[in-house]
Amino acid sequence: KNWRGDMLFYPAIKQLTLDVAASSFLGIPLGPEADKINKAFVDMVQASVGVIRAPLPFTQMGRGVAGRKYLIEYFGPQIEERRRNLNRQDMFSQLCHARSEDGERFSDDEVVNHMIFLMMAAHDTITSSVTSMIWLLAKHPEWQEKLRAECLAIAPAGADIGTDQLDRFELTEYAFKESLRLIPPVPSVPRRAVKDFEFMGYNIAAGTAVSISPAYVHMMPEYWEEPEKFDPMRFTPDKVKGRHKYAWVPFGGGAHMCLGLHFAYMQVKIFMHHLLTTTRVEIADGYAPEWQPWPIPKPKDGLKVKFVKI
């Protein structure tokens with residue numbers, strides 16, 4: 001990507017992460033449908049917080065239902081061809097061939113639903129978190145320099161990064177984790193109680209809607225000293241060891257922890273190496289974008305940055 005000069009970062013990274021998700025999980029580039037597919041995902045996610053819960057015209061829910069219909073029409077016709085082709089290794093093809101313990105294949109509807117969710121989950125949250133990280137690195141240029149030095153020590157600018165090198169991105173990982181702490185891409189985790197339980201003196205009945213708030217937990221002063229401050233060194237192994245295991249939960253926790261966690265780390269490290277070894281990210285003095293907090297945080301103005309070649 002030839003990203004140079006003044007630009008809006010959020011739409012650019014969203015297009016890139018959607019392309020990466022398509023290559024990784026569909027095994028094909030999106031092609032001419034890319035913009036429509038992107039719009040369909042945006043509309044579906046926004047519909048989740050729509051006030052009007054019926055698919056009326058000109059409402060968020062109406063646009064979300066139309067987006068879902070478009071994606072069903074995109075994925076559905078490809079299933080039969082992928083069932084016939086036994087050689088494809090991508091996730092979409094594997095879902096078309098997968099069988100349950102009883103030997104049953106997924107229905108077409110199940111395959112489509114899995115693909116819609118997988119593609120959304122694989123690009124929307126990483127778009128948010130990389131945008132947060134770029135904003136924080138532009139705001140804290142001393143940390144941008146530290147990460148740049150680490151990236152160049154691992155491999156020269158333009159080099160491919162192998163999986164065996166990913167563990168060496170220590171400071172980059174700390175900075176990513178601190179970005180996820182300050183602006184978690186999933187600020188609230190909705191759940192439903194499967195049985196009656198008591199929590200901190202409250203009786204919660206089975207079936208009650210409950211929500212875990214990473215955005216709140218990540219700012220609790222009893223777990224985080226100066227919680228508003230950007231300090232990646234909070235994530236050194238000794239600091240992590242001394243902290244409650246659920247004080248940092250951007251990927252959730254327990255049995256339902258995010259499946260895409262490792263994919264996210266890999267993408268961020270490769271992206272940061274590619275970007276920071278060739279480019280300095282700058283923002284205007286005093287610039288502070290307003291963030292849309294729900295359903296997935298993003299800067300309302302698209303994040304105005306300047307990419308300077310180095």
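**Exercise 1.** Does C258 count as buried, partly exposed or exposed, and at what relative accessibility?

*Solution.* The model is a predicted one. Step 1: the relative accessibility of C258 is 36%. Step 2: buried means under 20% and exposed means over 50%, with partly exposed in between. Step 3: C258 therefore counts as partly exposed. By the same cut-offs, C96 is buried, because its relative accessible area is 0%. The structure holds 0 disulfides.

**Exercise 2.** Determine whether the length of α1 agrees with the span expected of this helix.

*Solution.* Step 1: α1 has 18 residues. Step 2: the expected span is 1.5 Å times one less than the number of residues, so α1 should span 26 Å. Step 3: the end C-alpha atoms of α1 are 25 Å apart, which agrees with the expectation. After α1 comes G27, with a positive phi near 80°.

**Exercise 3.** Identify buried residues of α1 and relate them to the helical turn.

*Solution.* Step 1: the buried residues of α1 include F9, I13, T17, A21 and F25. Step 2: an α-helix has 3.6 residues a turn, so residues three or four places apart point the same way. Step 3: K14, L18 and A22 are also among the buried residues of α1.

**Exercise 4.** Describe the second largest pocket by its volume and its lining.

*Solution.* Step 1: the space in this pocket is about 470 Å³. Step 2: its lining comprises 20 residues, and L16, I270, F271, H274 and L275 lie nearest the centre. Step 3: α1, α6 and α11 are the elements that each give two or more residues to this lining; α11 supplies the largest share, 7 residues. Step 4: by type, the lining has 11 nonpolar, 7 polar and 2 charged residues.

Technical notes
Residues numbered from 1 in each chain as written. Predicted model: local features only at pLDDT ≥ 70, side-chain atom pairs only at ≥ 80, totals over all residues. Heavy atoms only, no water. 1 Å grid on protein atoms, 1.4 Å probe; cavity = no way out; pocket = protein on both sides within 12 Å on 5 of 7 lines; lining within 4 Å. Points joined across faces, edges and corners; volume = space filled by probe spheres on them. Helix = DSSP H or I, 4+ residues; strand = E, 2+ residues; numbered from the N terminus. Nonpolar A, V, L, I, M, F, W, Y, C, P; charged D, E, K, R; others polar. Disulfide = S-S within 2.5 Å. Buried < 20%, exposed > 50% of the residue type's maximum accessible area, 1.4 Å probe, protein only.
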